[in-house]
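Work through the exercises below with the sequence and the 3D structure at hand, and try each task before reading its solution.

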Amino acid sequence: MSLAPDVDPALERLAGLVRDVPDYPEPGVLFRDITPVLADADAFTAVSTELAALAGEADVVVGVEARGFLIGAAVALVAGTGIVPVRKAGKLPRVAASRTYQLEYGSATLEIPADTVQAGARVFLVDDVLATGGTAAAAVALLTDVGAQVTGFGTLVELTALGGRARLAGIPVHSLLRY
């Protein structure tokens, strides 16, 4: 694990809170569980504050389902913006746009609620983990579909060996912890 170069070294405590869960969700996978970070008030405050500082002049924060909602809401509160959830298909009563993308074992669809992100809005996108980048890239495409400008992507954990950052070419990517 390493801290991203642009991250306050005081956040090193976060790494000790991330729990390794071997063989989850399937054999051979090492799951990085951020739940202990969210449960620790000081750590969660540090994450929210650090990512909010990276949001810059964003008009709105968009959080990706589901833990991205938790982190994104806290980031938006600190940054002084609103929060918009990007949801899995079928969870919203009114949909502005949807995007289907490929997963390692199938496909998924993300949707954005109608009348929440205006064309031209500057958006800071937040999720809990950046792995292969498929979900993040789909969220960026979805936001582009509604005319928003994604100004950056912020995440608590980046799994660098999976190369997700490359799927977000042209968008500043900010990860607090890198594995």
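A residue is called buried when its relative accessible area is under 20%, exposed when that area is over 50%, and partly exposed in between. Keep in mind throughout that this is a predicted model.

**Exercise 1. A salt bridge between two strands**

Task: Decide whether Arg178 is buried, partly exposed or exposed, do likewise for Glu158, and describe how the side chains of Arg178 and Glu158 meet.

Solution. Begin with Arg178, whose relative accessible area is 21%, so this residue is partly exposed. Glu158, by contrast, has a relative accessible area of 4% and is therefore buried. The next step is to look at the contact itself: the side chains of Arg178 and Glu158 meet in a salt bridge, with 3.5 Å from N to O. Because Arg178 belongs to strand β10 (residues 173-178) and Glu158 to strand β9, the pair ties together parts that are 20 residues apart in sequence. Finally, the pair is part of a network of salt bridges that links Glu158, Arg165 and Arg178.

**Exercise 2. Two further salt bridges**

Task: State how many salt bridges the model has, and then examine the one between Asp59 and Arg122 and the one between Arg67 and Asp128.

Solution. As a starting point, side chains of opposite charge can pair when their charged atoms come close. When a side-chain nitrogen of Lys or Arg within 4 Å of a carboxyl oxygen of Asp or Glu is taken as the rule, the count comes to ten salt bridges.

In one of them, Asp59 pairs with Arg122, and the closest N and O atoms are 2.7 Å apart. This pair links distant parts of the chain, since Asp59 sits in the loop between α3 (41-54) and β4 (60-64) while Arg122 sits in strand β8 (residues 122-130), 63 residues apart. Asp59 has 37% relative accessibility, so it counts as partly exposed, and Arg122, with a relative accessible area of 32%, is partly exposed.

In another, Arg67 pairs with Asp128, with the closest N and O atoms 2.6 Å apart. Here the pair joins helix α4 (residues 67-79), which holds Arg67, to strand β8, which holds Asp128, and the two residues are 61 residues apart. Arg67 counts as partly exposed because its relative accessibility is 27%, whereas Asp128, at 6%, counts as buried.

**Exercise 3. Helix α4 and its surroundings**

Task: Check the span of α4 against what its 13 residues should give, and find which of its residues are buried.

Solution. At 1.5 Å a residue, the 13 residues of α4 should span 18 Å, and because the end C-alpha atoms are 18 Å apart, the two values agree. Within α4, the residues Gly68, Ile71, Gly72, Ala74, Val75 and Ala76 are buried. The cover over these buried residues includes α2 (35-39), α3, β4, β5, β8 and β9. Just after the helix, Gly80 takes a positive phi of about 80°.

A residue of α3 illustrates this cover: Ser48 is found in helix α3, and, leaving out residues up to four places away in sequence, Ser48 touches Ala74, Val75 and Val78. Ser48 has a relative accessible area of 4%, so it is buried, and a polar atom of its side chain lies 2.8 Å from the backbone oxygen of Phe44.

**Exercise 4. The nonpolar cores**

Task: Find how many residues the largest nonpolar core has, and which element gives the most to it.

Solution. The general background is that in soluble globular proteins, nonpolar side chains tend to be buried together. In this model the largest nonpolar core has 29 residues, and those with the most contacts inside it include Val62, Leu125, Phe153 and Leu168. At least two residues each come from β4, β5 (82-88), β6 (95-103), β7 (106-113), β8, α5 (134-145) and β9, and α5 gives the most, with seven residues. For a closer view, take Phe153: not counting residues up to four places away in sequence, its contacts include Phe124, Leu125, Leu168 and Ile171. A second, separate core has 24 residues, among them Leu11, Ala43, Ala52 and Phe124.

Note on methods. Residues numbered from 1 in each chain as written. Predicted model: local features only at pLDDT ≥ 70, side-chain atom pairs only at ≥ 80, totals over all residues. Heavy atoms only, no water. Helix = DSSP H or I, 4+ residues; strand = E, 2+ residues; numbered from the N terminus. Buried < 20%, exposed > 50% of the residue type's maximum accessible area, 1.4 Å probe, protein only. Core = buried A, V, L, I, M, F, W, Y, C linked by side-chain atoms within 4.5 Å. Contact = heavy atoms within 4.5 Å. Polar contact = N/O pair within 3.5 Å; in protein donor to acceptor, adjacent residues only side chain to side chain. Expected span 1.5 Å × (residues − 1).
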